[in-house]
Amino acid sequence: FTNLTDDSPIYKLIGPVLLKQEKAEAESAVQGRLDFIENEIKRVEKLISDMQEQSEGKKMEVYQLQMKMQEGA
């Protein structure tokens, strides 16, 4: 959007039709999409982090059980 002038035509594809759109409306739509994508990335990164923590916890449980089994044998 920085390279566009205020009178540059902007079009939005709706179905098979291109409709003319105001620059401010297009910028708002694009910013909304970018915000949504950023939030989704943060959400998925948190899920991955939580899963890794759970995985590490399970690894420690397995290791401790193996040590107990070896001590008993």
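Helices and strands here are DSSP runs, with at least four residues for a helix and at least two for a strand, numbered from the N terminus. Read that way, the elements of the chain follow the order β-β-α from the N terminus on. That makes 1 helix and 2 strands. The model is a predicted one.

**Overall form**

Start with the dimensions. The C-alpha atoms of the chain fill a box of roughly 80 × 25 × 15 Å along the principal axes. The radius of gyration of the chain is 26 Å, while a compact globule of 73 residues would have one near 11 Å. Helix α1 covers residues 23-72.

Next comes the surface. Of the 73 residues, 5% count as buried. The accessible surface of the chain is about 6800 Å². Carbon and sulfur atoms account for 58% of that area.

Two C-alpha distances help to place residues in the model. Met69 and Lys46 are 23 residues apart along the chain, and their C-alpha atoms are separated by 35 Å. Phe1 and Asn39 are 38 residues apart along the chain, and their C-alpha atoms are separated by 22 Å.

Met69 belongs to helix α1. Met69 counts as exposed because its relative accessibility is 64%, and the cut-off for exposed is over 50%.

**Charges and salt bridges**

The chain carries 10 positive and 14 negative charges. The mean positions of these two sets are 4 Å apart. Side chains of opposite charge can pair when their charged atoms come close. How many salt bridges does a search of the whole structure find? It finds 4. Three of these pairs are described here, including Lys23 with Asp6.

| Salt bridge | Closest N and O atoms |
|---|---|
| Lys23 and Asp6 | 3.9 Å |
| Glu40 and Arg43 | 2.9 Å |
| Asp50 and Lys46 | 3.3 Å |

Take Lys23 and Asp6. This salt bridge, with its closest N and O atoms 3.9 Å apart, links distant parts of the chain. Lys23 sits in helix α1, and Asp6 sits in the segment before β1. The two residues are 17 residues apart. Is Lys23 buried or exposed? Lys23 counts as buried because its relative accessibility is 18%, and buried means under 20%. Asp6, by contrast, is exposed, with a relative accessible area of 71%.

Glu40 and Arg43 both lie in helix α1. They are 3 residues apart, about one turn of the helix. Glu40 is partly exposed, with a relative accessible area of 29%. Arg43 is partly exposed too, at 43%.

Asp50 and Lys46 are also in helix α1. Why are they separated by about one helical turn? The reason is their spacing: Asp50 and Lys46 are 4 residues apart in the helix. Asp50 counts as partly exposed, at 28% relative accessibility. Lys46 is exposed, with a relative accessible area of 51%.

**A nonpolar patch**

The surface also has a nonpolar patch of about 600 Å². Which residues make this nonpolar surface patch? They are Phe1, Leu4, Val30, Leu34, Phe36, Ile37 and Ile41.

Phe1 is one of the patch residues. Phe1 is found in the segment before β1, and that strand spans residues 10-14. Phe1 counts as partly exposed because its relative accessibility is 38%, which falls between the cut-offs of 20% for buried and 50% for exposed. A residue in a patch must have over 30% relative accessible area, so Phe1 at 38% passes that limit.

**Putting it together**

Two features involve the segment before β1. Asp6, in this segment, forms a salt bridge with Lys23. Phe1, in this segment too, is one of the residues of the nonpolar patch. Helix α1 holds both residues of two salt bridges: Glu40 with Arg43, and Asp50 with Lys46.

Note on methods:
Residues are numbered from 1 along each chain as its sequence is written. This is a predicted model: local features need pLDDT of at least 70, side-chain atom pairs count only at pLDDT 80 or more; totals for chains, interfaces and linings use all residues. Side-chain values use heavy atoms; hydrogens and water are left out. Patches are made of residues with over 30% relative accessible area and no salt bridge: like charges are joined within 9 Å, nonpolar side chains (Val, Leu, Ile, Met, Phe, Trp, Tyr) within 5 Å. Accessible areas come from the Shrake-Rupley method with a 1.4 Å probe; for residues, only the protein chains shown count as cover. A salt bridge is a side-chain nitrogen of Lys or Arg within 4 Å of a carboxyl oxygen of Asp or Glu. Buried means under 20% relative accessible area, exposed over 50%, partly exposed in between (1.4 Å probe, protein chains only). The radius of gyration is taken over C-alpha atoms; the globule rule is 2.2 Å times the number of residues to the power 0.38. Lys and Arg count as positive and Asp and Glu as negative; His and the chain ends are not counted. The place of a charge is taken as NZ of Lys, CZ of Arg, CG of Asp or CD of Glu.
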